[in-house]
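User: I am new to this structure and would be grateful for a close look at a single part of it, the surroundings of its aromatic pair. Please explain in one connected account how that part is built and how the rest is arranged around it.

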Amino acid sequence: QVELVESGGGLAQAGGSLRLSCAASGSFFRINDMGWYRQIPGEQRELVAGISRSGSADYADSVKGRFAISRDNAQNTVFLQMDKLKPEDTAVYFCNADIRSHWSSSSAITYWGQGTQVTVSS
């Protein structure tokens, strides 16, 4: 059973910083792409940032220059450094990962974390 566990959410003031972490545990062969999404109640979940296994990253326009995604393949962990936070960054943040269960399996399954609340006060 694969599990993604997020940590690091909380309350920050506008202009401040938070760092999110998401660690994958369980039995699997390899993690491909990893990413962070966020969701505001009543709205669709949106991509914040994604990163390939080799470290190639992309970002939503709304967070470019403020957020940085990184990963530690040895620790099966993805991070999201959030700087210059704005009140509109307030949301529940979810990590996800595309995971190959076995070396003989070419396909990957997408797993999601349980979400962590980020609240930015003005």
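Analyst: Trp112 is a suitable starting point: its relative accessibility is 37%, so it counts as partly exposed. The model discussed here is a predicted one.

Which residue forms an aromatic pair with Trp112? The partner is Tyr37, and the arrangement is edge-to-face, with 5.0 Å from centre to centre and 65° between the planes. These two values are given together because a pair of aromatic rings is described by the distance of the centres and the angle of the planes. The edge-to-face label follows from the angle, since planes over 60 degrees apart are classed in this way. A search of the whole structure yields one aromatic pair. Tyr37 belongs to strand β4, whereas Trp112 belongs to strand β10 (residues 109-112), so the contact ties together parts that lie 75 residues apart in sequence. Tyr37, with a relative accessibility of 21%, also counts as partly exposed. The cut-off for a buried residue is under 20%.

A charged group also lies over the ring of Trp112. The charged end of Arg45 is placed over this ring, 4.7 Å from its centre. Arg45 also lies over the face of Phe94, where the distance to the ring centre is 3.7 Å.

The strand that carries Tyr37 leads to the next element of the account. β4 and β5 pair in the antiparallel sense, and five bridges join them. Within this pairing, Tyr37 has Leu47 of β5 as its bridge partner. The hairpin of β4 and β5 has six residues between the strands, and Gly42 adopts a positive phi near 85° there. β5 in turn runs antiparallel to strand β6 (residues 57-59), to which three bridges join it. Ala49 stands opposite Tyr59 of β6. The hairpin of β5 and β6 has five residues between the strands, and in it Gly55 has a positive phi near 105°.

β4 and β5 also take part in the interior. The largest nonpolar core has 29 residues; those that touch the most other members are Trp36, Val48, Phe67, Val78, Leu80, Met82 and Tyr93. At least two residues of this core come from each of β3 (18-25), β4 (30-39), β5 (46-51), β7 (67-72), β8 (77-82), β9 (91-100) and β11 (116-121). The most is given by β9, with five residues. As a general point, the side chains of a regular strand alternate between the two faces of the sheet.

Some of these core strands belong to a further sheet. Four strands form an open sheet in the order β1-β3-β8-β7, with antiparallel pairing. Why is one side of β1 and of β7 left without a neighbour in the sheet? β1 (3-7) and β7 stand at its edges and have a single partner strand each, so each has one side without a neighbour. On average, neighbouring strands of this sheet are turned by 15° against each other, with direction ignored. β1 and β3 are joined antiparallel over five bridges, and the bridge partner of Glu3 is Ser25 in β3. β3 and β8 are joined in the antiparallel sense over six bridges. Here Cys22 has Val78 of β8 as its bridge partner, and Leu18 stands opposite Met82 of β8.

The loops that flank β8 deserve a remark of their own. Most residues other than glycine have a negative phi. Asn76, in the loop between β7 and β8, is not a glycine yet has a positive phi of about 50°. Its relative accessible area is 23%, so Asn76 is partly exposed. Lys84, which is located in the loop between β8 and β9, likewise is a residue other than glycine with a positive phi, near 50°. Is Lys84 buried or exposed? With a relative accessible area of 55%, Lys84 is exposed.

Lys84 is also a partner of Arg66. The backbone oxygen of Lys84 is reached by the side chain of Arg66 at 2.9 Å. Arg66 lies in the loop between β6 and β7 and counts as buried, at 9% relative accessibility. A polar contact of 2.8 Å further joins the side chain of Arg66 to that of Asp89.

Key. Residues numbered from 1 in each chain as written. Predicted model: local features only at pLDDT ≥ 70, side-chain atom pairs only at ≥ 80, totals over all residues. Heavy atoms only, no water. Core = buried A, V, L, I, M, F, W, Y, C linked by side-chain atoms within 4.5 Å. Buried < 20%, exposed > 50% of the residue type's maximum accessible area, 1.4 Å probe, protein only. Pairing = 2+ DSSP bridges. Axes fitted to C-alpha atoms, helices over the stretch in contact; angles between N-to-C directions. Phe/Tyr/Trp six-rings, centres within 6.5 Å; stacked < 30°, edge-to-face > 60°. Lys NZ or Arg CZ within 6 Å of the ring centre and 35° of its normal. Polar contact = N/O pair within 3.5 Å; in protein donor to acceptor, adjacent residues only side chain to side chain.
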